Each structure stands twice: as structure tokens, then as C-alpha cells.
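Here are a few short exercises to work through with the model open beside you. Try each task yourself before reading its solution.

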Amino acid sequence: MKILRRLLILVLVLLAALFCVLARAWFNQDRLAFAPASYPDSQQLPDTGAFLAFDNPRLVAWERRIPPTDSSQKITLLFLHGRGFPLDPVAFWLRRFNQAGLNLVVAEYPGFPRTSAQGADRLSLDDTLTDMTEICRHLRASRPEEAIVIVGFSMGGHLGMRLPEDCQDALITFATYLDSSDLMPFGLGRFVKHRFSAEQALAQRKKPMVVFHAPMDSIVPYSEKQRIIDALPFGTLVSHYDLDGVDHNFISHRLTHEVMKALIVLGYDVEPYERP
């Protein structure tokens, strides 16, 4: 009897703990898709580059431009990173885009380093989308002669799919998801009260798009690639590619090469990139 009593107590304790976890997830699920972790201050930014000036103090974006030439096609990439890396290291390894002849802007999300958003712990992915929209429209207004191409990785790709089309010319996504509920295990996504979904935005999309995903991705299911393709109107998807032999966090090692390939199929006059 004592053993059964102890087992019953153990089961009740475990059930109570599970209930607390689920209750916390339920009341905070609108922020689960956007949960900035704590990162140490980084000093990995390249020597050349500058932060853009915004009227809104919450907005942070870093830019590295190439010297203008008469023959170069003016393209600015707005890079939206995933939740795993803040701006500084991302901007450091994305400097290869400048070597490939492209201007680069890397946006930072509220709650990450280099931002001073008040109450960032209460912000959701929708709040971040509002900030990214403002940055995107700032770029369009300040450089109307340039092509603005959004490149989004993981969570950044989801944001890119939901950005308004009036501030972009094309979109390239890597390892992203259509709906945040798809990332929840054991079918728990069906119980969410607040879904972050790009389905409606994609259904109305007119600007061209290129989609990349890795079959070996262990974080964002590979099946999301087909869900995104199915959600797009006919003629919007220019091409899609599988990234063989890499997992989610190693896709970045091939990013420059793959982006240049996407720009070529999108019709831009750029050269294929070969890593030096």
C-alpha cells in the first residue's frame, strides 16, 4: 500500500507539473514564436558599415554598402535573421554579399542586443512584424532606384512572407514555416489560441518568390516547404530548391551562393558567387 501511495503521489506531482507547464504555455503562446534569448554584447561587426537613422528609436538596422559604379545593378538585400543569432554575428558573415556586389541591410528585432525596446519581454511576433514593415518601407522610400530583395532565414522568412509588398521587389526564404502552430510537437498546434500564419499573405502575393529548404532540417519540418508552395498563387513561385546535406543551423554556410543563384533566376544581372 505504501508503494502504491507513493506512486500515486508521484503521478499527481507529475500531472501538476505538466498542468503548470501547459498553463504557462497557453497564456504566453502569442509570444512563443518570438522569444529572444539573452546574448552577450558582440563586437563582430565588420569595420565598414553604419547603423541607419530612424525617427522611431525602437528600430535598429545596420547597413554595409558597396561603392557605386555605373555598370552595377543596384540591389539592396534586407536580411531578416532567425531567432538563434542576433545582428552582430549575422552581419559579420553576411559581409560576403558585399563581395558579391550587393548592398546589405540587416534588421534587428526588439529584445535582441543593440535594441532598446521597452517591455520587449511583452512583445510578440506581430509587434516585430510592425517594426520590420517600418524598416522595409524606410528602405523603399530612401532608395527608390534600387531593387529591394528580402532574404529571410527561419523566423525571418516567416516575417518576410508577411511583409507588405509595397516595399519589396522579391522574396527569398530559407528554412521557414507557414504557420507557427506547425512547429509544435505531438499535434499540440491544433489547440493554439493565437496562430502566426503567413497563409493569407501568401494567397494574395503578387511579387516573385524563391523558396529554399533542407530535407535534413531538424528544427523546421521539411514539409513546410510544400505547404508554402501550395499557398502561393500560380506564377508567383519562380523556383524552389532543396539544400541537401545540411541541417537547419548549417544552412548559413551556403547562404551567399544560394542567394546569388536565386537572384539569377529572378532575372537580376548578377554573377554566380563562388566562395574565395
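**Exercise 1: A strand pair and its crossover**

In this predicted model, histidine 213 stands opposite aspartate 242 in β8. Work out in which sense β7 and β8 pair, and which way the chain crosses between them.

*Solution.* Start with the strands: β7 and β8 run parallel, and their pairing spans 5 bridges. Next, follow the chain from β7 to β8; the path goes through α7. This β-α-β crossover is right-handed.

**Exercise 2: The buried face of α7**

Find the buried residues of helix α7 (residues 223–231), and explain why they line one face of the helix.

*Solution.* First, list them: Glu224, Lys225, Ile228, Ile229 and Ala231 are the buried residues of α7. Now look down the axis of α7: these buried residues fall within an arc of 165°, so they line one face of the helix. A general point helps here: an α-helix has 3.6 residues a turn, so residues three or four places apart point the same way. Finally, ask what this face meets. The buried residues of α7 pack against α5 (155–162), α6 (199–203), β7 (209–213) and β8 (237–242).

**Exercise 3: A threonine in a loop**

Locate threonine 236 and decide whether it is buried or exposed.

*Solution.* Threonine 236 sits in the loop that lies between α7 and β8. Its relative accessibility is 4%, and buried means under 20%. Threonine 236 therefore counts as buried. To see what surrounds this residue, set aside neighbours within four places in sequence: threonine 236 is then in contact with Arg205, Lys206, Lys207, Pro208 and Met209.

**Exercise 4: The nonpolar cores**

Which residues have the most contacts inside the largest nonpolar core, and which element gives the most to it?

*Solution.* The largest nonpolar core has 37 residues, and Leu77, Phe79, Ile172, Phe174, Val259, Leu263 and Tyr268 have the most contacts inside it. Elements giving two or more residues to this core include β3 (75–80), β6 (170–174) and α8 (255–265). With 5 residues, α8 gives the most. Take leucine 77 as a close-up: beyond residues up to four places away in sequence, leucine 77 touches Phe97, Leu102, Asn103, Leu104, Val105, Val149, Val151 and Val259. Another core, of 35 residues, lies apart from the largest one, and Leu59, Val105, Tyr177 and Phe196 are among its members.

**Exercise 5: The whole chain**

What share of the chain counts as buried, and how many helices and strands does the chain have?

*Solution.* Of the 276 residues, 48% count as buried. The chain has 8 helices and 8 strands.

Technical notes: Residues are numbered from 1 along each chain as its sequence is written. This is a predicted model: local features need pLDDT of at least 70, side-chain atom pairs count only at pLDDT 80 or more; totals for chains, interfaces and linings use all residues. Side-chain values use heavy atoms; hydrogens and water are left out. Buried means under 20% relative accessible area, exposed over 50%, partly exposed in between (1.4 Å probe, protein chains only). Helices (H or I, at least four residues) and strands (E, at least two) are DSSP runs, numbered from the N terminus. The arc is that of the directions from the helix axis to the C-beta atoms. Contact means heavy atoms within 4.5 Å. Two strands pair if DSSP finds at least two bridges between them. A crossover is right-handed if, with the strands pointing away from the viewer, the path from the first strand over the helix to the second runs clockwise. A nonpolar core is a set of buried Ala, Val, Leu, Ile, Met, Phe, Trp, Tyr and Cys residues joined through side-chain atoms within 4.5 Å.
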